[in-house]
Amino acid sequence: MSLTLAERLLSGDRRALSRALTLVENRQPGYEELLRKLAQKVGQARRIGITGPPGVGKSTLATALACEWRRLGESVGVLAIDPSSRATGGALLGDRIRMAALSGDPKAFIRSAACREGTGAIADASGDLLDVLDAAGFSRLILETVGAGQSEGRVRDQVDIVLVVLGPGAGDGVQAMKAGILEIADFWVINKCDDPAAERVLSDLMNVLSISKGEDVLKERVRLVSASTGHGIPDLVQQIERLGSSSEFATNPAAEVEGRMVRRVLAIAASELASALQSEEALRERVRSATMGLVSAKTVALEVLSSAVLRLKASEGVKK
Amino acid sequence: MSEKIRVLVAKPGLDGHDRGAKIVALALRDAGMEVIYTGLHQTPQMIVEAALQEDVDVIGLSVHSGAHLQLFREVMAQMKASGLGDVLLTGGGIIPKSDMAALQAEGCGRLFGPGTPTSDLIHYIREEVASRRSGRIE
């Protein structure tokens, strides 16, 4: 089944691509085999992450950038992530509504996904979804996500270039943003520059950044745009392309791909360990002993490791 | 783990009355579904293109303009052409019962008139999607 799906995807079948994204997102049987079959084709796309507070115009910016890349002859895949409700597990995925400019374009593909963090899903699948879009042949991938919770660090790991988007009217302003979000940016993009309040955002941002960044960096990397009118967009894309091709950047795409695979392998290992711990009362009893100082946390950790290995061996035995 | 139900909610054509569609979208989200809300002024092509890319289980159309026969039929035709024959097409708005029956006879799912409790729609979607999934061939 997965073999046929992979072949169809690689030949340009968009239905197959869509089905593959679902298979991978839901970790359905066969998804690992599918990813393995696609692995060799992963690494040719340039990945751009767009993050920032809600209401700042990320989807509109993603669309404007995508249209510019299309104008330049690139093909674009967009993965737009919205939060899931922790209470109900459902989600309203409303980013697509702003991306009408890309509809009908055979070299653009938009997929909306719910960030299922905290709703029982073990690991974040967005890296794998990007790999699928990468293998499908899009030359530019845009990952759009809300800068909240643990997602910022992940964005940094999953893409080549990070845009942190700011703008007027988006909450308490620059000072309220966690230092971590601003730090991960390759570009700080102030949207809605036609709004007079954007000036304030710019000066606040400069105040915060000038402590640690030189003037020439700020000149190059702080961009004023209006995603809705297009002002500053071609410039921004040009700067992104320059950075992406520069020697300061990863000259070794294989190393990037390998780094991502290391993180994926570790994430899978972590979830196997979590399963082992969750399903064995004896191990949870050991955890309780550790809280009382009767045994060290490290000892318990090694016991969890042994248990996970035994479970894997047992399940392999059952398969054979 | 049973997979999330993905629903596309759209308003095709020139109709501007979106309050019902928004209420339904939120109700489906609160029922644990993932709702892709594409909003107003969608052409049948845009709707089906989105449904394909998002790999939805359900397309829900909201039509208050009177053009429902034409719009539902266009969407069904596009769905067939794009290989989305196993996706449930449902919806509601201002649609006479006789037209609902006609569309159902042509392959459309149940349609819901104004004032239908959202729980009816949620129940229907869950049942239909479950039975379609168990019959699905890759």
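This section describes the cysteines, the largest nonpolar core and one helix pair of a predicted model.

Across all chains of the structure, a search returned zero disulfides. For A:Cys193, which takes part in no disulfide, the nearest cysteine sulfur belongs to A:Cys67 and lies 17 Å away. Because a disulfide requires two cysteine sulfur atoms within 2.5 Å, this separation of 17 Å does not qualify. The relative accessible area of A:Cys193 is 24%, and the residue is therefore classed as partly exposed. B:Cys108, by contrast, has a relative accessibility of 6% and so counts as buried.

The largest nonpolar core contains 46 residues, among which A:Val132, A:Val164 and A:Leu205 touch the most other members. Helix H2 of chain A, spanning residues 14-25, contributes the largest share of this core, with six residues. When neighbours within four places in sequence are set aside, A:Leu205 is found in contact with A:Leu166, A:Val174, A:Leu182, A:Trp188, A:Ile190 and A:Val222.

Two packed helices are described by the angle between their axes and the distance between the axes. In chain A, helix H4 (residues 58-71) packs with helix H10 (residues 233-245) at an angle of about 75 degrees, and their axes are 10 Å apart. H4(A) is therefore roughly perpendicular to H10(A). The contact of these two helices comprises nine nonpolar residues, two charged residues and no polar residues. On the H4(A) side, the participating residues are A:Leu61, A:Ala64, A:Leu65, A:Glu68 and A:Trp69. These meet A:Ile233, A:Pro234, A:Leu236, A:Val237, A:Ile240 and A:Glu241 in H10(A).

Technical notes:
Residues numbered from 1 in each chain as written. Chains lettered and ligands numbered in written order. Predicted model: local features only at pLDDT ≥ 70, side-chain atom pairs only at ≥ 80, totals over all residues. Heavy atoms only, no water. Buried < 20%, exposed > 50% of the residue type's maximum accessible area, 1.4 Å probe, protein only. Core = buried A, V, L, I, M, F, W, Y, C linked by side-chain atoms within 4.5 Å. Helix = DSSP H or I, 4+ residues; strand = E, 2+ residues; numbered from the N terminus. Contact = heavy atoms within 4.5 Å. Axes fitted to C-alpha atoms, helices over the stretch in contact; angles between N-to-C directions. Parallel < 35°, antiparallel > 145°, perpendicular 65-115°, else oblique. Nonpolar A, V, L, I, M, F, W, Y, C, P; charged D, E, K, R; others polar.
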